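Reader: I would like to learn how to read pockets and strand pairing in a model such as this one. Could we begin with the pockets and then turn to the strands?

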Amino acid sequence: MLKIMHVEAGENFYGGARQVAFLVEGLAKRGIANVVVCPRGSLTARRIAALPVALRELPMHGDLDLLLTPRLHKLLREEKPDLLHLHSRRGPEILGALAGRLYGLPIVYSRRNDHHEAKLVTRYKYRLYDRVVAISAAIGDVLVDSGVPAAKIRVVRSAFDAEPVTPLSRDALRDAFGLPRDAFVIAIVAQLIRRKGHAVLLEAMPRILQRVPNAHLLFFGKGGLQAELEQQIVAAGLQDRVRLAGYREDLPTLLEGLDLLAHPAFAEGLGVSLLQASANGVAIVASRAGGIPEAVRDGVNGVLVPPHDVQALGDAIVALALDDARRHALGAAGRRLIASDFSVDVMVDGNLAVYRELLGART
């Protein structure tokens with residue numbers, strides 16, 4: 001039986017870790033054995049533990065955790081996989097690859113962000129990997145522009161499968177967050193980091209409130225920008241309109257009660273939260289940046305605006321807030337888009353095809 005070791009360093013089960021869960025569950029259904037390595041004691045480890053895979057928890061402390069290489073090398077000797085698939089930038093990207101090379105394994109690296117790298121870095125770093133899986137065509141283009149050989153790159157888009165949950169009603173969602181029953185609820189689902197664009201939406205809120213006086217904003221996620229965002233909210237006098245709701249494990253039950261998802265990011269590989277929103281029938285206003293236009297088709301399941309453009313963002317949100325029929329049509333189209341273009345089966349088979357390229361007869 002083919003055996004793959006996956007390394008995912010994300011602790012909070014954000015988009016990348018969720019993709020690993022979709023992937024390994026799908027691979028298991030196809031008869032592939034999987035070992036998933038996660039940070040010890042993390043939420044990701046708890047969620048992976050519920051899947052039909054072998055879970056191995058290790059300390060993971062980022063790019064400077066030089067002992068990660070020997071820890072992973074020891075684990076490779078114990079588990080004896082046929083291939084190593086690295087899913088995270090922070091830590092495993094280099095340190096995990098070194099462990100794989102020491103053990104002599106084929107290595108696949110999933111690239112999830114769309115930033116350019118210096119060609120000098122690219123020349124040496126990407127020699128570590130036999131294949132690089134780009135989760136969007138936009139990332140594939142960035143990799144080529146950065147000097148990665150096109151022959152090494154395979155585009156396999158992220159996927160989403162809505163969890164079978166009982167969603168909260170619109171009224172129940174508003175009650176849960178202490179909002180008026182008639183509130184127009186906008187949400188961002190993203191880590192609280194600068195490139196996700198939370199500050200841009202906060203700047204747009206006064207403009208939105210002029211036309212949509214019942215608008216309320218929820219930020220779902222955690223991150224290092226929390227204190228700064230709290231200060232910006234207070235400085236703008238938006239304390240009664242904006243709430244930092246934190247990371248919510250029950251997010252799948254909340255989404256259908258939202259009126260709109262905003263994603264004003266100015267750098268994004270694809271955006272799993274966008275797939276999640278569309279799978280739950282929520283219309284989207286997002287930036288035309290990175291791989292976002294692959295997940296949000298302008299005029300189909302959402303509206304795209306230029307990144308950093310406060311006025312365009314505010315105007316797009318107002319337009320959809322005042323047009324219930326269009327907003328609901330975009331949400332319905334989003335469900336269809338996920339089913340047709342972002343199925344988990346397509347994503348799993350795409351990754352499996354990469355493994356077969358490298359392993360040949362063993363698959």
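Author: Let us do so, keeping in mind that this is a predicted model. A lining can be read by the class of its residues, and for the second largest pocket that reading gives nine nonpolar, one polar and eight charged residues.

Reader: What volume does the second largest pocket have, and which residues are the closest to its centre?

Author: The volume of the second largest pocket is about 360 Å³. Of the 18 residues in its lining, Ala-21, Phe-22, Glu-25, Leu-51 and Asp-161 are the closest to the centre.

Reader: Which element gives the most to the lining of the second largest pocket?

Author: The general idea is to assign lining residues to their helices and strands. Here H1 gives the most, with six residues, and both H1 and helix H15 (344-359) supply at least two residues each.

Reader: How should I read the largest pocket, and what is its volume?

Author: The same steps apply. The largest pocket has a volume of about 1200 Å³, and among the 49 residues that line it, those closest to its centre are Tyr-14, Gly-15, Gly-16, Gln-191 and Arg-195. Two or more lining residues come from each of helix H1 (15-29), strand E5 (107-111) and helix H11 (272-279), and H1, with four residues, gives the most to this lining as well.

Reader: How many nonpolar, polar and charged residues are in the lining of the largest pocket?

Author: By class, the lining of the largest pocket is made up of 16 nonpolar, 20 polar and 13 charged residues.

Reader: Turning to the strands, is strand E1 largely enclosed or open, and why?

Author: One counts how many residues of a strand are buried, which here means under 20% relative accessible area. In strand E1 (residues 3-7), four of the five residues are buried, and therefore the strand is largely enclosed by the rest of the structure.

Reader: Which strand pairs with E1 over five bridges, and in what sense?

Author: Pairing is read from the bridges and from the sense in which the strands run. E1 pairs with strand E2 (residues 33-39) over five bridges in the parallel sense, and Val-7 has Val-37 of E2 as its bridge partner. Between E1 and E2 the chain passes through H1, and this β-α-β crossover is right-handed.

Reader: Where does Val-7 stand with respect to E4?

Author: E1 also runs parallel to strand E4 (residues 83-86), to which four bridges join it, and within E4 the residue opposite Val-7 is Leu-86.

Terms used:
Residues are numbered from 1 along each chain as its sequence is written. This is a predicted model: local features need pLDDT of at least 70, side-chain atom pairs count only at pLDDT 80 or more; totals for chains, interfaces and linings use all residues. Side-chain values use heavy atoms; hydrogens and water are left out. On a 1 Å grid over the protein atoms alone, a cavity is a set of points where a 1.4 Å probe fits but cannot get out, and a pocket is an open set with protein on both sides within 12 Å along at least five of seven lines; lining residues have an atom within 4 Å of a point. Grid points are joined across faces, edges and corners, and a volume is the space filled by probe spheres set on the points. Ala, Val, Leu, Ile, Met, Phe, Trp, Tyr, Cys and Pro count as nonpolar, Asp, Glu, Lys and Arg as charged, and the others, Gly among them, as polar. Buried means under 20% relative accessible area, exposed over 50%, partly exposed in between (1.4 Å probe, protein chains only). Two strands pair if DSSP finds at least two bridges between them. A crossover is right-handed if, with the strands pointing away from the viewer, the path from the first strand over the helix to the second runs clockwise.
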